[in-house]
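Work through the exercises below with the sequence and the model side by side. Try each task before reading its solution.

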Amino acid sequence: MINFDNAATTFPKPLSVRQAVAAAMKKYGGNAGRGGHPLAMRTSEALYSARETVASFFGAQPENTVFTMNCTYALNMAIKGIMNGGGHLIISGMEHNSSARPAAALALKNRLRLSIAEVYPEDERTIDSFRSLIREDTKAVVCTLASNVTGQILPYREIAALCREHGICFIADGAQACGIIDVKLSDGINILCTAGHKGLYGITGTGLLVTDGKYPISPIIQGGTGSSSLSLLQPDILPDSLESGTPNIIGTVSVKAGIDFVKKTGIRRIFAHEDRLCRCFMSGLDGDVRVYREKTAEYVPIVAFNVGDIPSESVAAQLAEKGFCLRAGFHCAALAHASLGTKSGTVRFAPSVFNTEQEVLRLTETIRNMKKI
Amino acid sequence: MHSSCRNGVMVMTVCIAEMPSYTYAVKAERLLRSRGYRCKVVRKDKNSSGGCGFLLHIYGYCLEAAEILERNAVPFKYINDISEGGA
């Protein structure tokens, strides 16, 4: 079985992550921040250490680094927590449902006014598209750093600068970018939401919300935090305000180990390797395969494609029979597929640092033969 | 560093800082340790006002420790000198 569905979740995980998880199961059996006994304190220290690693990786402060269940939770917390008092929200036309659905849900309840900025292959046009939608009451912009469908990298630094100029909170979805490109809060991001289990190589059930603290985020979940417990009011300081309930301690340890792996391997090396595999993949396809890439755009290592008129799900099913794992369909990204006009979806090739050129060549050979069936 | 002058006598001082969260307690601990202070994060006594939380035991001059935390925007609820003869 060869996994090319790493944009959904990376697999396999690095040995160092698997070892860290196994060690954490033995060692960190307490509840972080919820006791003074040695087991709880040891576990609390592990959680703080993971927080420090994440913060340093994204150029943030440890207390502004919040562990969540996944990127969707982080985006819901950011969008609902910032748009709490209403106002105007702009999202890109390439957003995953993790942003688009909470935004749409609030808009349908008249809790905010929503605009969708078209994304083009040319960065200038995309920036203009965002600029044209900014209004007096625009409170936040939500923008994916890279599309989970095509891999297109959006001009997020320029969009962030636009937000800063107008005093708008810039919320970034880094799910397909973090660990692949060097994302920092200093890029102009006010709130970065990302998954721990994709390019950061942690285990599933991990996500991150990292903020510069400029825009207070109202919590959407209240509960135990291990602090000020006699008060019925949720603490107003980070990370406690956004981290109610027992955290996924094993998961946070895995994210720390994953980030250490990414740092040790080198983000540029990871990108170069996966990008080379994408180019190898594209060069191995013939004319009947449509690849959804434009010359004017830049991409993270994801290739969206379709094989002739074969429905994307059929292509993925046939490849699965041959042992290849690729995701087909709409990738939880209704807006992106509407923009692309891909009515039966696309197939997504998404390698990880562990894939090889030989595996890619076997895949392209299988796709070429598929059309002869 | 870990002493202060009282009535002309250098004495070891122990301060207790109540921190708003475990995260800030560790952040303060790391910061003060980097400045030569010996300190330790401990759980608040179960009968403490406000409920659960964390304290930082600091062996050193309280006012100076407080200033370091303030300068570095590390919030704390209070810092008290609990050493013998302390305020």
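The exercises go from single residues to domains and chains.

This is a predicted model: local features need pLDDT of at least 70, side-chain atom pairs count only at pLDDT 80 or more, and totals for chains, interfaces and linings use all residues. Residues are numbered from 1 along each chain as its sequence is written, while chains are lettered from A and ligands numbered from 1 in the order in which they are written.

**Exercise 1. Two residues with positive phi**

Task: Decide whether A:N110 is buried or exposed, then do the same for A:S228.

Solution:
- Start with the rule. A residue is buried if 20 or more other C-beta atoms lie within 10 Å of its own, exposed if 12 or fewer, and partly exposed in between; C-beta atoms are placed from the backbone.
- Place A:N110. The loop between α4 and β4 of chain A holds this residue. A:N110 is not a glycine, yet its phi is positive, about 60 degrees.
- Count its neighbours. A:N110 has 8 other C-beta atoms within 10 Å, so it is exposed.
- Place A:S228. Look in the loop between β8 and α7 of chain A. A:S228 is not a glycine either, and has a positive phi of about 45 degrees.
- Count again. A:S228 has 20 other C-beta atoms within 10 Å, so it is buried.

**Exercise 2. Helix α4 and its cover**

Task: Find which residues of α4 in chain A are buried, and what covers them.

Solution:
- Know the elements. Helices (H or I, at least four residues) and strands (E, at least two) are DSSP runs, numbered from the N terminus.
- Find the helix. α4 of chain A spans residues 97-108.
- List the buried residues: A:S98, A:S99, A:A100, A:P102 and A:A103.
- Look around them. The cover includes α3 (71-82), β3 (88-92) and α10 (334-340) of chain A.

**Exercise 3. Cis peptide bonds**

Task: Where in chain A do A:P12 and A:P239 lie?

Solution:
- Take A:P12. It is in the loop between β1 (2-3) and α1 (15-27) of chain A. The bond joining A:F11 and A:P12 is cis, with omega about 5 degrees.
- Take A:P239. It is in the loop between β8 (207-211) and α7 of chain A. The bond from A:L238 to A:P239 is cis, with omega near -5 degrees.

**Exercise 4. Two domains in contact**

Task: Which element gives the most to the side of domain 1 of chain A that touches domain 2 of chain A?

Solution:
- Set the bounds. Domain 1 of chain A is 2-10 + 266-370, and domain 2 is 15-263. These bounds come from an automatic or database domain assignment.
- Count the contact. It takes 28 residues from domain 1 of chain A and 30 residues from domain 2 of chain A. Two residues are in contact if their C-beta atoms, placed from the backbone, lie within 7 Å.
- List the elements. α8 (267-283), β10 (303-307) and α10 of chain A each give two or more residues on the domain 1 side.
- Pick the top one. α10(A) gives the most, with six residues.

**Exercise 5. Chain B**

Task: How many helices and strands does chain B have, and how many residues of chain A does it contact?

Solution:
- Count elements. Chain B has two helices and six strands.
- Read their order. The pattern along the sequence is β-β-β-α-β-β-α-β.
- Check burial. Of the 87 residues in chain B, 36% are buried.
- Turn to the interface. 14 residues of chain B are in contact with 18 residues of chain A.
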